[in-house]
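Reader: Before I plan anything at the bench, I would like to go through this model with you, one question at a time. Could you show me the sequence and the structure to begin with?

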Amino acid sequence: MAVVGISCGHDAAVSIIDNGRLVCHFERERFQRHRHVAAMAPELIRTALEHTGISSDDIDLFCITTTQSSAYHTTNLDRLNFNYDWDTAELLGNNLFCKKSFDLLMKTNELRRQNDEKKHDFVYNCEDAYFPDEWVGEKSLAQFSEMTKRQIMATLNQKAVKNAQIQPIKVKFLGNTYPGIAVKHQLSHAAAAFYQSPFDSSFVFSHDNGDTLTHDGYKGVSFFGVKAMI
Ligand SMILES: [Fe+2]
């Protein structure tokens, strides 16, 4: 199974995973010679595929993410584009909220492309984190120490929290259409930490900077990983 992973925000990068093994990881700045450059270029994906010997016909799945509330930027929407897969979403029981969230992260592509041409290299924003009400307030993170495992799991399993993190998409790449998954920023961080860790189960908290409104806020999301699931 060949999976193409794309990060479309600042430090845009592509990874190829072939039957569970990472076989290629290219950061766009190394090719474009512009530090931290954002937006994925379809040519870089093609270069990565050529490097691994995997043809575009062999791609089974795309997984995309982006930096904090940056759009799912691409440099050429005709050759690389993402659309919400509403048919799959309905099968999975997802809802309009997910589609709105995805569309929000798609809408500034044109602006990003213009900035890219002007060599404005990145945008720092922050996606809206989905804080359960219980976690917001004066005590904030201190509450975790007082919650039982059952309370934590019940909170993490809230439908709004689970559904918001992964969105089914269709990816158009060089004239072909592929199935895809859009993974939210903080879940990508958490997965990278958990799947590389030696632990079978772990509480994972991802928390980093950037805020759409203030540009100096910090936000985060908590997850729980068990074996091959997070
Ligand atoms: Fe981050």
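Reader: Which residue follows α2, and what is the sign of its phi?

Author: Helices such as α2 are DSSP runs of H or I with at least four residues, strands are runs of E with at least two, and both are numbered from the N terminus. This is a predicted model, in which local features need pLDDT of at least 70 and side-chain atom pairs count only at pLDDT 80 or more, while totals for chains, interfaces and linings use all residues. Residues are numbered from 1 along each chain as its sequence is written. The residue that follows α2 is glycine 53, and its phi, near 80°, is positive.

Reader: Within what arc do the buried residues of α2 fall?

Author: A residue is buried if 20 or more other C-beta atoms, placed from the backbone, lie within 10 Å of its own, exposed if 12 or fewer, and partly exposed in between. In α2 the buried residues are Leu44, Ile45, Ala48 and Leu49. They line one face of the helix, because, seen down its axis and taking the directions from that axis to the C-beta atoms, they fall within an arc of 140°.

Reader: Which elements are included in what covers the buried residues of α2?

Author: Covering rests here on contact, which two residues make if their C-beta atoms, placed from the backbone, lie within 7 Å. The cover includes β1, β2, β3 (21–27), α1 (29–32) and β6.

Reader: Which residues of the largest nonpolar core touch the most other members?

Author: A nonpolar core is a set of buried Ala, Val, Leu, Ile, Met, Phe, Trp, Tyr and Cys residues joined through C-beta atoms within 7 Å. The largest one has 32 residues, and α2, β5, α4 and β6 are among the elements that each supply at least two of them. Tyrosine 72 is in contact with residues including Ile64, Phe82 and Leu105, its neighbours within four places in sequence being left aside. Those that touch the most other members are Met40, Ile64 and Tyr72.

Reader: Why does cysteine 98 count as buried?

Author: Cysteine 98 has its place in helix α4 (residues 96–106), and its C-alpha atom is separated by 9.1 Å from that of proline 168, 70 residues apart along the chain. Cysteine 98 counts as buried because its C-beta neighbours inside 10 Å number 20.

Reader: Which residue in β6 stands opposite leucine 80?

Author: Strand β5 (residues 80–84) has a covered face made of Leu80, Phe82 and Tyr84. Two strands pair if DSSP finds at least two bridges between them, and five bridges join β5 to β6, the two running antiparallel. Opposite leucine 80 stands phenylalanine 173.
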